[in-house]
Amino acid sequence: MKKRLAIYLAVTFGLSWGLLIPAGIALGTFENGESSSAAMMGLIAVSMFFPLVGALVANAMVGRDARMDLAWRPLVGQNVGVYLVAWLLPAVITLLGCLAFFALNPRWFDPTMGSYLRTVAAATGASAEQLMAEQPPLPAVVAGTVLSALAVAPFINMIPAFGEEVGWRGMLYPTLGEAMSERSAALVSGAIWGLWHAPVIAMGHNYGMGYVGFPFAGILTMILTCTALGCFLSYLRMCSSSVWPCALAHGALNAVANIGLLFCTCGSTPLGPSPLGLEAGIPLVALAIACWLQLSGDVPDNSPTV
């Protein structure tokens with residue numbers, strides 16, 4: 001177990017940080033943000049498959065009896081309900097998170113989407129007035145965006161998310177579960193997953209770069225919210241005996257997480273409006289607690305008790 005764990009973490013972190021940190025320095029994205037470089041955006045997408053590589057290498061370098069079942073059989077027929085939850089619940093959590101965020105910060109709510117359109121205009125070189133004049137009616141824009149985020153994007157995002165979930169929920173979570181309870185394994189694996197994002201958080205991923213305490217406050221926020229999200233995903237893994245529902249839920253959350261930015265004047269921050277923010281993440285934390293309580297608190301018989 002220790003050898004498998006050490007190999008997995010060394011390969012996953014080594015490949016990810018070994019690629020993204022030098023690339024970020026070379027491309028200037030630690031100063032200008034990830035969105036300043038299309039090449040960096042591509043490298044970040046590639047890095048999502050490194051946990052999969054880490055899991056495969058770890059299994060290959062231990063004896064046959066010590067290999068971990070990575071649970072990548074879909075098992076759709078016996079888990080239809082789990083897949084529906086994985087697909088739809090992230091959107092509910094995101095909506096509730098937006099409501100919580102804007103209730104706590106009403107001054108940042110912009111129902112006209114004017115702030116968002118000005119941001120798009122600045123990035124494209126068009127005028128905000130032109131975009132406002134050319135766009136369809138606001139309800140149609142919102143409906144189209146939400147429909148795409150619900151019906152299409154989760155299944156596209158599921159593929160790179162699978163690259164992560166084979167590692168985090170297919171390898172790391174059950175490997176830790178050999179030495180600690182399911183509850184402890186969910187917390188520890190989620191925190192490690194959050195830490196893995198540190199380089200991209202330092203490039204402005206999820207939270208931007210203009211907040212107090214950058215980038216350390218963002219890294220800490222990512223660790224906390226990934227720990228919460230990890231409890232939900234670990235519960236899906238336990239219920240389904242497959243990492244595919246985890247990948248679908250992960251992809252679904254990535255699809256809807258930034259919808260709140262359409263109506264936000266402050267952009268991305270460690271508080272929200274993404275459900276990976278501290279305030280917008282309140283419903284996610286509630287879900288995490290409910291899922292965490294469903295996991296076993298018993299330490300496996302083959303592990304030492306403290």
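The following legends describe close-up views of salt bridges and of backbone features in a predicted model. Local features need a pLDDT of at least 70, side-chain atom pairs count only at pLDDT 80 or more, and totals for chains, interfaces and linings use all residues. Residues are numbered from 1 along each chain as its sequence is written, and side-chain values use heavy atoms, with hydrogens and water left out.

**View A. Arg 4 and Glu 178 form a salt bridge.** The structure holds three salt bridges, a term that stands for a side-chain nitrogen of Lys or Arg within 4 Å of a carboxyl oxygen of Asp or Glu. In the pair of Arg 4 and Glu 178, the closest N and O atoms are 3.4 Å apart. The pair links distant parts of the chain, 174 residues apart, with Arg 4 in helix α1 (residues 2-27) and Glu 178 in the loop between α9 (153-176) and α10 (182-196); helices (H or I, at least four residues) and strands (E, at least two) are DSSP runs, numbered from the N terminus. Arg 4 counts as buried at 4% relative accessibility, whereas Glu 178, at 26%, is partly exposed (buried means under 20% relative accessible area, exposed over 50%, and partly exposed in between, with a 1.4 Å probe and protein chains only).

**View B. Glu 165 and Arg 169 meet in a salt bridge within helix α9.** The N to O distance between these side chains is 2.7 Å, and the two residues lie four residues apart, about one turn of the helix. Glu 165 counts as buried at 0% relative accessibility, and Arg 169 is likewise buried at 0%.

**View C. Asp 69 and Arg 73 form a salt bridge, and Ala 71 has a positive phi.** The closest N and O atoms of Arg 73 and Asp 69 are 3.4 Å apart; Arg 73 is partly exposed at 45% relative accessibility, as is Asp 69 at 42%. Ala 71, which is not a glycine, has a phi of about 55° and is placed in the loop between α4 (50-60) and α5 (80-104), where Ala 71 is buried with a relative accessible area of 2%.

**View D. Two cis peptide bonds precede Pro 215 and Pro 273.** Most peptide bonds are trans. The bond from Phe 214 to Pro 215 is cis, with omega near -5°, and Pro 215 lies in the loop between α11 (198-201) and α12 (216-240). The bond from Gly 272 to Pro 273 is also cis, with omega near 5°, and Pro 273 lies in the loop between α13 (244-256) and α14 (282-294).
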